[in-house]
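Thanks, everyone. Let me put the protein up, and then I'll walk you through it.

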Amino acid sequence: MIDKTRHTHNEMVIERRNPRNSSNIHVKRQPNYVVYFVDDINNEDNFDIKNNELFKESVQAALDNNIPIVIIDRLKFAKR
């Protein structure tokens, strides 16, 4: 993940802390979901685990963290 970002950080690099913990021990907050962007939601190639490395990594991250994948259709979002 670190090598695939264009900025100095991404959500996987930043260690987020929960400041509301009553004791002074900070608890790490985990991500709530994995975001996966597609250009065309109707194109089945976007969701092929065998041939699409990015989708495969997204599924693995979701499984590892036991969280859902949120799929965003870029074209539909741009039209809105």
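Start with Phe 55. At 10% relative accessibility, Phe 55 counts as buried. Buried means under 20% relative accessible area, exposed means over 50%, and partly exposed is in between, with a 1.4 Å probe and protein chains only.

A word on the source. This is a predicted model, so local features need pLDDT of at least 70, side-chain atom pairs count only at pLDDT 80 or more, and totals for chains, interfaces and linings use all residues. Residues are numbered from 1 along each chain as its sequence is written, and side-chain values use heavy atoms, with hydrogens and water left out.

Back to Phe 55. What does Phe 55 pair with? First, the rule. Rings of Phe, Tyr and Trp (its six-membered ring) pair if their centres lie within 6.5 Å; planes under 30 degrees apart are stacked, over 60 edge-to-face, the rest tilted. By this rule there are three aromatic pairs. In one of them, Phe 55 meets Phe 47 edge-to-face, at 5.5 Å centre to centre and 85° between the planes. Phe 47 is partly exposed, at 26% relative accessible area. Ring pairs also bring in Tyr 36, and Tyr 36, Phe 47 and Phe 55 make a cluster.

Now the overall layout. The protein has two helices and four strands. From the N terminus on, the order is β-β-β-α-β-α. These are DSSP runs, numbered from the N terminus: helices are H or I with at least four residues, strands are E with at least two. Of the 80 residues, 15% count as buried. The accessible surface comes to about 7300 Å², and 50% of that belongs to carbon and sulfur atoms. Those areas come from the Shrake-Rupley method with a 1.4 Å probe; for residues, only the protein chains shown count as cover.

Next, contacts. Contact means heavy atoms within 4.5 Å. Take the contacts between residues at least 6 apart in sequence: 46% of them join residues at least 24 apart.

Ser 58 is a good place to see contacts. Ser 58 sits in helix H1, residues 53-65. Buried or exposed? Ser 58 is buried, at 8% relative accessibility. Setting aside residues up to four places away in sequence, Ser 58 touches Val 34, Tyr 36 and Ile 69.

Move on to Val 38, in strand S3. Val 38 is buried, at 1% relative accessibility. Beyond its neighbours within four places in sequence, Val 38 contacts Asn 46, Phe 47, Ile 71, Ile 72, Asp 73 and Arg 74. Val 38 and Lys 76 are 38 residues apart in sequence, and their C-alpha atoms are 10.0 Å apart.

Two of those names bring us to charge. Asp 73 is in strand S4. Asp 73 is buried, yet has no salt bridge. A salt bridge here is a side-chain nitrogen of Lys or Arg within 4 Å of a carboxyl oxygen of Asp or Glu. Lys and Arg count as positive, Asp and Glu as negative; His and the chain ends are not counted. For Asp 73, the nearest side chain of opposite charge is Lys 76, 6.4 Å away. Outside the neighbours within four places in sequence, the contacts of Asp 73 are Val 38, Asp 39, Asp 40 and Ile 41.

How many salt bridges does the structure hold? One. Arg 74 forms a salt bridge with Asp 39, with the closest N and O atoms 3.5 Å apart. Arg 74 lies in helix H2, residues 74-79, and Asp 39 in the loop between S3 and H1, so the pair ties together parts 35 residues apart in sequence. Arg 74 is partly exposed, at 45% relative accessibility.

Phe 77 is also in helix H2. Phe 77 is exposed, at 61% relative accessibility. C-alpha to C-alpha, Phe 77 and Asp 39 are 9.8 Å apart, with their places 38 residues apart in sequence.

Last stop, the surface. Tyr 33, Val 35, Phe 37 and Val 70 make a nonpolar patch of about 340 Å². Patches are made of residues with over 30% relative accessible area and no salt bridge; like charges are joined within 9 Å, nonpolar side chains (Val, Leu, Ile, Met, Phe, Trp, Tyr) within 5 Å. Tyr 33 is in the loop between strands S2 (27-28) and S3 (34-38), and is partly exposed at 45%.

One backbone note. Asn 66 has phi near 55°, a positive value in a residue other than glycine. Asn 66 is in the loop between H1 and strand S4 (69-73), and is exposed at 71% relative accessible area.
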